[in-house]
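Me: I would like to learn how to read strand pairing, sheets, domains and chain contacts in a model such as this one. Could you take me through them one feature at a time?

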Amino acid sequence: MNFVWSRAAAMARKEWFHIRRDPFTMSLALVMPLVMVVIYGVAIDFNVKNVKLAVSDSDQTQASRRLIDTFSSSGYFRVRRDFSPGQALDDLVAERARAALIIPPQFEKNLWSGRTAEAQVLLDGADNSTVVPVSQYVNTIQTLASERIAGADMRPPYDLRTRFLFNPELNSRWFIIPGVVVVIMAILSIFLTAMTVAREWENGSMELLLSTPVEPIEIIVGKALPYASLGALAVVFVYIIARAAFGVPFRGHLWVFGLGCLIFLLTYLAQGLFISIASKQQTLAMQLSMLTGMMPSVILSGFVFPIASMPKFFWYFTMLLPARWFMVISRHCFLEGSSFLELAVPFAALSLSCLAMTALAAHKFKRTLE
Amino acid sequence: MNKTLLGFIKKELIQALRDPRMKYILFAAPIVEMTLFGVAISNEVKNIRLAAFFGANDYLVRDIYEHAIGGGWFIPARASGETAQDPFELVRSGDADAVLVPPEGGFTRALGRGDAQLQILVNATNVTQAQSVESYMKAIVAQTLADDLGLTPRPPPIKFDVRVLFNPSLDTAIFMVPGVMTMLMVLTTLILANIGIVREKEMGTFEMLISAPVSKSEVIFGKTLPYVLIGMTNLPLLLAIAMLVFHVPLRGSILALIAATVAFVCTTVAMGTLISTYCQNQQQASMASFLFMFPAIMFSGLIFPIENMPAAVQWLSFIDPLAHYLSLLRNIMLKGGGLQASAWHIGVLLILAAVSAAASFRRFRTTLS
Amino acid sequence: MNDETVVEARDLVVRYGDFTAVDRVTFTVGRGEIFGFLGANGAGKTTTIRVLCGVLPPTEGRVRVAGTGYEDGENAIKAKVGYMSQKFTLYNDLTVKENLDFIASLRKLDAAYYAKRRQEILELISFKKGLGAFVHELSGGTKQQVSLAAALLHDPEVVFLDEPTAGVTPAGRERFWALIRRVAESGKTVFVTTHYMDEAEQCGRIALMREGKLVAMDSPAGLKAAAFPEQVFEFEPIEELSFSRMTAFQNHEAFAFFEPYGHRFHAAAANAEAWRHWRPELEKTFRIRTIAPSLEDVFIRMVEDRP
C-alpha cells in the first residue's frame, strides 16, 4: 500500500466542497460549540440556590418568623407561605416546592422552656439534582438558627478550615467548561465522520471511489482531514470563549493540551469510521454514534457524574473510554497546570485506545474491501 | 382506518424492524443503556481519595482519618500516614482529592491548648465533590471528638427533623432511573421520526410519495404514527428494568403513566417531524436532532436543577418536553400521582405536540418548489 | 397522432427565484402517443414533467392533463397520471410485493382491484423473479421495469417517465422500450425524457428543449427535415485527422455543419455554390457519402446551437 499525499488531499478537497456547499452542516459544526459553551457557561450552576421552600407556620410567633427569615435570608431558599402542613406537602408533590418547612404550634414555647424546638424539613426525594445539596444547606441553617434565635454558641472547640484548591470560589464553570471541550470534540468528530462515510456507502459512491486507483488509506485520511480541522477549529473557538468570556484559567501547557486534543480527535475519527463501515447506512450510523460516542462521553466520562462515585465495575469499564482520559487531561491542563509527565498515565491510556481504534477501523475497512 | 395510513404504518414498521441491527438499536440498546446508566450514575459523591498526615501521638487525626475511611465516602489515597509530604503537591499531582493537615505539633495537643485548627485541602475542580467533602468532614470530625473525648457538641436548641420523602433511603437508582428513561425515550423517537422523513427526501422516494394523490395529513401521520408505536414499545421494556432490576416503585396509576408516555412520545415525534422539514439530508438531520437534544437534556432538570438557572433561561425548560416528562415520571412513579396530578404536564406536552405538529403541517409540502 | 388531447401545456413558466427553469412552453400531446422530451441537463425537462404530473405548480400558465388541472385541486392531476421520477423510486429494503402494496395503499386501491391489476402489470413486464424478491437484489433493468409497473398500478391515462433508462444496459433498454410501445398500444399516453438518441427515434413526436424554451417539436422525420433542409453527407477521413485540421474543417466556409460522429463526420454544405467549389478538394481527404441526418445531428444543431 503506498500512500500518496496528493490523492488524499484531493479527497479532502472534495469533502471540503461538500461541507462548504452544505451551509447547514457548516453552521451546525460552528454554532453547536457556541451554543453548548453558552448553555453551560450561563445556565449551569452546581451551587443550588433559590430552592422553593413551602412553609407552614402553625406557631405564628416571633421565633418562628425569625426561623423563616433565616431560611429566606440565606439565599439558598425562596419561601412560599402555606396555611397547613397538608398544603405544604401538596406543594411538594406537585413540584411547586422542592422542600417544605413545617413549624409545629409549640415551637417558641419549647425554645424558651429549654427543650429542643423541633421543626420538620421535608425534601423532595424524587429530584436527584437537589436533594444532596439542599440537605447540606439545611444543616448549615440549623446551626445558624440556633445561634441567631436562641443565642446558643454552636462553635466547636476547634477550627475546621477547608481550603478549596484550584477553584477557590467554587465556580462550576471552571469545572464544566474544560469538560465541554471534550464533549464537543467527541460529538463533532464521531458524528460527522460516521455520517459522511456512511453516506458514501449508502448512495454507492464509495464503490466508485474504491474502483479508482486511490488507496483505501488515502480515502480515510482524505475524508477525515476536513472534519478533524473542523473539530480543531471548534476547540480553538471554545478555548477562546472559555478564557475571554468566562474567565476560566489555563494553568498548564498549551502543547500538552494540544497533543491531547490531537490524539483524542484521531481516536474518535477512527471510531466514527469504524461505525460507518460497520453500518454502511446513515440511520444506523447515527444511532450507533449516539450510543457509543455521545452518551458515554457525556455520562460515563466523568463530565458531570464523577467516575469515582460509580460502582467498582465502571471504574474499570470506563477505562475503555477515550473520553474519560481526555477529560482528565483537559481539566488538569486548564485548572491544575499539570505537566506532561504528571499526565503520563492518561496519555498512555489515550494513545493506547487511539491505536486500538485505528487498527480496528483499518482492519474492518480492509476486510470489507475483500 | 384510512387505507393510506395503514399502508404507511405497515411499510415503516417493516423497514424499521427488518434490519437486525436496527432491531438491536431499538429494543436491546435501551435495555443495556438503562441498566448501565442506572447503575453508573449518581449525584452522590463517593470514593474520595483522602490523605492525612499525623504524628505518632496525634491519635485524634488518626481516628478522624480512620473514621472517614470506615464511613464509606472516602478511600485512602496512595500516600498517607506518618511521612510528611507537601500536601498541596499531593493534590496537584492527582494522588489525593483531599488532604487533612493538622497544625504544627499535632491536632491532639493543639486541642488541649484550645486553639486547635485542622485544615482540609480539597481539590475544588469538581465543585460538588469539594462541597461534599467539606460537609462530610464536619460531621466526621464532630463524631470522632464525641467518641474519643466525650466532647459532645451541645444539642442545638433548634433542631430540624429532616426527612427525604419518596426515597428515604437515598437510593441512587431511584433518583436516576426516571431521568435515564426520559433520555432513552427521546433518543429513539425524535431521531427516528426525523431521519425517517429526511431519508425519503434524500433517496428520492419522497417524490414518488407525493406523486400519488395523498393528502398532507396522510403523509405526516403515516410517517409519524409508526414511530409513536415504536416509541411506546420502549415503555414496557424500560419499566420492566426499572422495577425488576432497580426496584423503582410504581406508586401512581399505570394509566397515568401510559397517558404521559403517549403525550411525550407524540411531542418528541412531532418535534422530530418539524426538524425534518428544515433538513435536506440525513447528516443535517442528525446534527439538528443533536442540537435539539443536547439543550433539551440540559434544561430538563435531569442533571442540573432548573431552579438554579437564570430566569431568562428557565422558560426554555417550560417548552422542553423532557422537563415535563421527567416531572411526570417522578410524580407518577415515585410520588404516586394519579391522572389528575399529571394533568398539567400532560396538557403542556399535548400543547407542545399540537404546536409542533401545526408548524410542521404548515411547512410540509406535498408539492415541490 | 390521435385527435384527442390528453396533455396540454400553455405558456408554462416555472421560476425558482430569479432563475427561469421553464420559459413559456406550449404543446399538446394526444392519446396513445409516445412523446419524447429531449434536451441537455438543466434544459427544463424534469421541471416540465414535474409540473405535468401534478407535483410542482407552475408559476404561470395553464396545464390540463387527462381532463383536469391544478385548478381542480392539489391532487386532481396526481390521481390521473403515473410518474416515474429520475431518482430511483422504490424502497431497496422492501420486497417487490411490499413496494407494490405500499403504492396501492398510497393510491387507496381496492384490494380485489389491486390483486387483479398487480397480476396484469407483472405479466406486462414479464416479471419472473417472484414477489418476495428484495428490490436491491434486482438488476438495474428489472428495477426500472418494476418502477414502471408501480407507476402503472392505478391504470393511469398518462404516464410520465423521467429518464427511465439511465444506467441500464443496452439490452435492458431495448426491453424497456418494447414495454413502452406495448403500454402506448394499450391506449395510454407515454411521456418520456431521455438522453439516448436511438430511444428518441422510437418516439412518435419529440420536443427539443434548450434553456427552458421549447426549440422544436415534431416527429423524428419532421425534425430532421426541419433542421437539415440541405443535403447531409457523411465524411470518412481517408487517414487519421489531427485535431487542428478537424477544427479547421469545422470553421470551413464550405460547411454549415460539420460534427464528429464516431470516427467519421456528419456535414451539411453552407450553400450549393461553395459545395460545388470545395467538393473535389475535400474528396482528397475524405470518402463522402450522402446520408439522412441522424437525430443526434438534429440535437447538436438545434439544442447545442452550433452553426
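Me: In what sense do strand 3 and strand 8 of chain C pair, parallel or antiparallel?

Reply: Pairing is read from the bridges between two strands, and two strands count as paired if at least two bridges are found between them. In this predicted model, strand 3 (residues 34–39) and strand 8 (residues 205–210) of chain C are joined in the parallel sense by five bridges. One residue pair to look for is C:Leu38, whose bridge partner in strand 8 of chain C is C:Leu208.

Me: Which order do the strands of the sheet in chain C follow, and which strands stand at the edges?

Reply: The order is read across the sheet, from neighbour to neighbour. Here six strands of chain C form an open sheet in the order 5-6-7-3-8-9, with mixed pairing. Strand 5 (81–84) and strand 9 of chain C stand at the edges, and because each has a single partner strand, one side of each is left without a neighbour in the sheet. Direction ignored, neighbouring strands of this sheet are turned against each other by 15 degrees on average.

Me: Which helices should I look for against these strands, and at what angles do they run?

Reply: For each helix, ask which strands are touched and then how the directions compare. Helix 5 (residues 140–152) of chain C packs on the sheet, where it touches strand 5 and strand 6 (158–162) of chain C, and its direction makes about 155 degrees with that of strand 5. Helix 8 (residues 220–227) of chain C lies across strand 8 and strand 9 of chain C, and runs at about 115 degrees to strand 9.

Me: How many residues does each domain of chain C bring to the contact between them?

Reply: Begin with the bounds, then turn to the contact. The domain assignment of chain C gives domain 1 (5–218) and domain 2 (225–302), and their centres, taken over C-alpha atoms, are separated by 37 Å. Eight residues from domain 1 and six residues from domain 2 of chain C take part in the contact. On the domain 1 side, strand 9 of chain C gives the most, with three residues, and the residues of that side divide into six nonpolar, no polar and two charged.

Me: What should I look for where chain A touches chain B?

Reply: Take the extent of the contact, then its make-up, then any strand pairing. Here 98 residues of chain A are in contact with 93 residues of chain B. Helix 6 (residues 128–150) of chain A supplies the largest share of the chain A side, 15 residues, and that side divides into 59 nonpolar, 24 polar and 15 charged residues. Strand 5 (residues 158–165) of chain A and strand 4 (residues 116–123) of chain B run parallel and are joined by eight bridges, with B:Ile120 as the bridge partner of A:Thr162.

Technical notes: Residues numbered from 1 in each chain as written. Chains lettered and ligands numbered in written order. Predicted model: local features only at pLDDT ≥ 70, side-chain atom pairs only at ≥ 80, totals over all residues. Contact = placed C-beta atoms within 7 Å. Helix = DSSP H or I, 4+ residues; strand = E, 2+ residues; numbered from the N terminus. Nonpolar A, V, L, I, M, F, W, Y, C, P; charged D, E, K, R; others polar. Domains from an automatic or database assignment. Axes fitted to C-alpha atoms, helices over the stretch in contact; angles between N-to-C directions.
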